[in-house]
Amino acid sequence: MRVEDIQAPRAVDRLGLLLARHGGITNERMRHALGVTGLTPRHAVALMNLAESGPMGQQALIEALGVDPSVLVAILNDLERDGLAERRRDPADRRRHIVEMTTAGACTLTRVEQALAEVERELFADLDEDEIAQLHRLLSRIRTTPDDPGCTEA
């Protein structure tokens, strides 16, 4: 077979490559936006989960974030160091830790939400509400797991 005879799709027609390109750009924009708070995406997602669920056990937070326990410990160490979250022993089970967002964490989360919303407004400016909802539904159906090598940063 000759190279000229290969009928490979054009790079711009490969949906996976298009998604990877936009994903990389989106990741960079989100990280830049989070820079105003000093947080990484993992820190932000941890705070979002705490805001949504309220105080929760460390194991529940590991499951919600889909991370290894050692990764969560590093995230929580950073959040505690910055006064954004705190861990305390569960009075009902001293082996268990409860994680709670602090008032400073809630204020920071407000800034995070504003920064991320601005990035999303820019990214999706050419889409109407129905198209954004459809994109969300479609992306939610893509088969990936937190264990996938590319899913190292939430």
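In this predicted model, Asp 90 is buried, with a relative accessible area of 11%. That value lies under the 20% cut-off, which is why Asp 90 belongs to the buried class. The side chain of Asp 90 meets that of Arg 96 in a salt bridge, with 2.6 Å from N to O. Arg 96, in contrast, counts as partly exposed, at 37% relative accessibility. The pair therefore joins a buried residue to a partly exposed one.

Further salt bridges can be followed from here. The whole structure holds 7 of them. In one, the side chains of Arg 81 and Asp 82 come together at 3.0 Å, again from N to O. Arg 81 is exposed, its relative accessible area being 60%, while Asp 82 is partly exposed at 40%. These two residues do not stand alone: through salt bridges that share partners, Asp 78, Arg 81 and Asp 82 are joined into one network. Another salt bridge links the side chains of Arg 87 and Glu 80, at 2.6 Å from N to O. Glu 80 is partly exposed, with a relative accessibility of 30%.

It helps to step back and look at the chain as a whole. The protein chain contains 6 helices and 3 strands. Read from the N terminus, its elements follow the order α-α-β-α-α-β-β-α-α. Of the 154 residues in the chain, 25% are buried. About 10800 Å² of the chain is exposed, and carbon and sulfur atoms supply 53% of this area. Contacts across the sequence can be described too: among those between residues at least 6 apart, 53% join residues at least 24 apart.

The strands come next. They make an open sheet of 3 strands in the order β1-β3-β2, and the pairing is antiparallel. Strands β1 (56-57) and β2 take the edges, and each has a single partner strand, so one side of each has no neighbour in the sheet. Strand β2 covers residues 85-90 and strand β3 covers residues 93-101; the two run antiparallel and are joined by 6 bridges. With 2 residues between them, β2 and β3 form a hairpin. Individual pairs can be picked out along this hairpin. Ala 85 stands opposite Met 101 of β3, and Arg 89 has His 97 of β3 as its bridge partner. As background for viewing such strands, side chains in a regular strand alternate between the two faces of the sheet.

Two buried polar residues are worth a look among the helices and loops. The first of these to consider is Asn 49, which is found in helix α2, made of residues 41-53. Asn 49 has 17% relative accessibility and so counts as buried. Its side chain reaches the backbone oxygen of Val 45 at 2.9 Å. Leaving aside residues up to four places away in sequence, Asn 49 touches Gly 54, Met 56, Leu 61, Ala 64 and Leu 65. Met 56 lies in the range of strand β1 (56-57), so this list of contacts includes a residue of the sheet.

The other residue is Thr 37, placed in the loop between α1 (15-34) and α2. Thr 37 is buried as well, with a relative accessible area of 15%. The side chain of Thr 37 reaches the backbone oxygen of Leu 34 at 2.7 Å. Beyond residues up to four places away in sequence, Thr 37 touches Thr 108, Arg 111 and Val 112.

Finally, the surface has a nonpolar patch to examine. Leu 19, Leu 139 and Ile 142 form this patch, and together they have about 240 Å² of accessible area. Leu 139 belongs to helix α6, which covers residues 129-140. The relative accessible area of Leu 139 is 41%, which makes it partly exposed. A residue needs over 30% relative accessible area to join a patch, and Leu 139, at 41%, therefore passes that cut-off.

Conventions: Residues numbered from 1 in each chain as written. Predicted model: local features only at pLDDT ≥ 70, side-chain atom pairs only at ≥ 80, totals over all residues. Heavy atoms only, no water. Patch = residues over 30% accessible without salt bridge, like charges linked within 9 Å, V, L, I, M, F, W, Y side chains within 5 Å. Areas by Shrake-Rupley, 256 points an atom, 1.4 Å probe, with all protein chains shown as cover. Salt bridge = Lys/Arg side-chain N within 4 Å of Asp/Glu carboxyl O. Helix = DSSP H or I, 4+ residues; strand = E, 2+ residues; numbered from the N terminus. Buried < 20%, exposed > 50% of the residue type's maximum accessible area, 1.4 Å probe, protein only. Pairing = 2+ DSSP bridges. Polar contact = N/O pair within 3.5 Å; in protein donor to acceptor, adjacent residues only side chain to side chain. Contact = heavy atoms within 4.5 Å.
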